[in-house]
Amino acid sequence: STGTLPAYAGTTQKYLAVNTGTLTVLLDGQPHVLEAGDAMYFDVKAPYHFVNEDQRTECLYYMVIARKR
């Protein structure tokens with residue numbers, strides 16, 4: 001688990017793509033479960049965190065962070 005990550009001061013977007021395993025993204029208290037091959041995008045407007053619920057399986061994901069000026 002990443003623990004709770006803070007929102008950014010400016011407009012920030014995150015793009016995630018899961019390569020292996022399963023990643024749970026908690027946004028606004030709602031879980032979004034991503035499996036290998038899944039992707040998602042979200043605006044970082046509030047605290048959030050990522051969790052690998054299956055400690056026996058590695059989760060590899062790629063993230064792109066875009067900040068608007």
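Okay, Tyr41 then: partly exposed, with a relative accessible area of 41%. This is a predicted model, so every value I quote is computed from predicted coordinates. Tyr15 is also partly exposed, at 35% relative accessible area. Both values fall in between the cut-offs, under 20% for buried and over 50% for exposed, and that's why neither residue gets one of those labels.

I bring these two up together since they form a ring pair. The structure holds four aromatic pairs. For Tyr15 and Tyr41, the ring centres sit 5.0 Å apart and the planes are at 40°, so we call the pair tilted. It also links distant parts of the chain, with Tyr15 in strand β1, Tyr41 in strand β4, and the two positions 26 residues apart.

Next pair: Phe42 and Tyr48. Here the geometry is edge-to-face, with 5.5 Å centre to centre and 65° between the planes. So are these two buried or exposed? Phe42 is buried, at 5% relative accessible area, and Tyr48 counts as buried too, at 3%. Both belong to an aromatic cluster made up of Phe42, Tyr48, Phe50 and Tyr61. If you have the structure open, click on those four.

Okay, zooming out to the strands. What does the secondary structure come to? Zero helices and six strands. Read along the sequence, you just get β-β-β-β-β-β.

Those strands show up in two open sheets, and I'll take them one at a time. One has three strands in the order β4-β1-β6, with antiparallel pairing. Its edge strands are β4, residues 39-43, and β6, residues 60-67, each pairing on one side only. From one strand to the next, the twist averages 15°. Strand β1 covers residues 12-20 and pairs with β6 in the antiparallel sense, over eight bridges. For a landmark there, look for Leu16, which stands opposite Met63 in β6.

The other open sheet is three strands as well, in the order β3-β2-β5, and the pairing is antiparallel again. On the edges you have β3, residues 30-35, and β5, residues 48-51, and each of those pairs on one side only. The twist in this sheet averages 20° from one strand to the next. In the middle of that order, β2 runs over residues 22-27 and pairs with β5 over four bridges, in the antiparallel sense. The landmark here is Val25, standing opposite Phe50 in β5. And yes, that's the Phe50 from the aromatic cluster.

Last bit, the overall numbers. Which radius of gyration does the chain have, and how does that sit with a compact globule? With 69 residues, a compact globule would be near 11 Å, and the protein chain has 12 Å, which agrees. Along its principal axes, the C-alpha trace spans about 40 × 20 × 15 Å.

Of the 69 residues, 26% count as buried, and we've met two of those in Phe42 and Tyr48. As for contacts, take the ones with a separation of 6 or more: 66% of them are between residues 24 or more positions apart. The accessible surface comes to about 4,600 Å², and carbon and sulfur atoms account for 51% of that.

That's my tour, from Tyr41 and its tilted pair with Tyr15 out to the two sheets, β4-β1-β6 and β3-β2-β5. Happy to go back to any of it.

Conventions:
Residues are numbered from 1 along each chain as its sequence is written. This is a predicted model: local features need pLDDT of at least 70, side-chain atom pairs count only at pLDDT 80 or more; totals for chains, interfaces and linings use all residues. Side-chain values use heavy atoms; hydrogens and water are left out. Two strands pair if DSSP finds at least two bridges between them. Axes are lines fitted to C-alpha atoms, for helices over the stretch in contact, and angles run from 0 to 180 degrees between N-to-C directions. The radius of gyration is taken over C-alpha atoms; the globule rule is 2.2 Å times the number of residues to the power 0.38. Buried means under 20% relative accessible area, exposed over 50%, partly exposed in between (1.4 Å probe, protein chains only). Contact means heavy atoms within 4.5 Å. Accessible areas come from the Shrake-Rupley method with a 1.4 Å probe; for residues, only the protein chains shown count as cover. Rings of Phe, Tyr and Trp (its six-membered ring) pair if their centres lie within 6.5 Å; planes under 30 degrees apart count as stacked, over 60 as edge-to-face and the rest as tilted.
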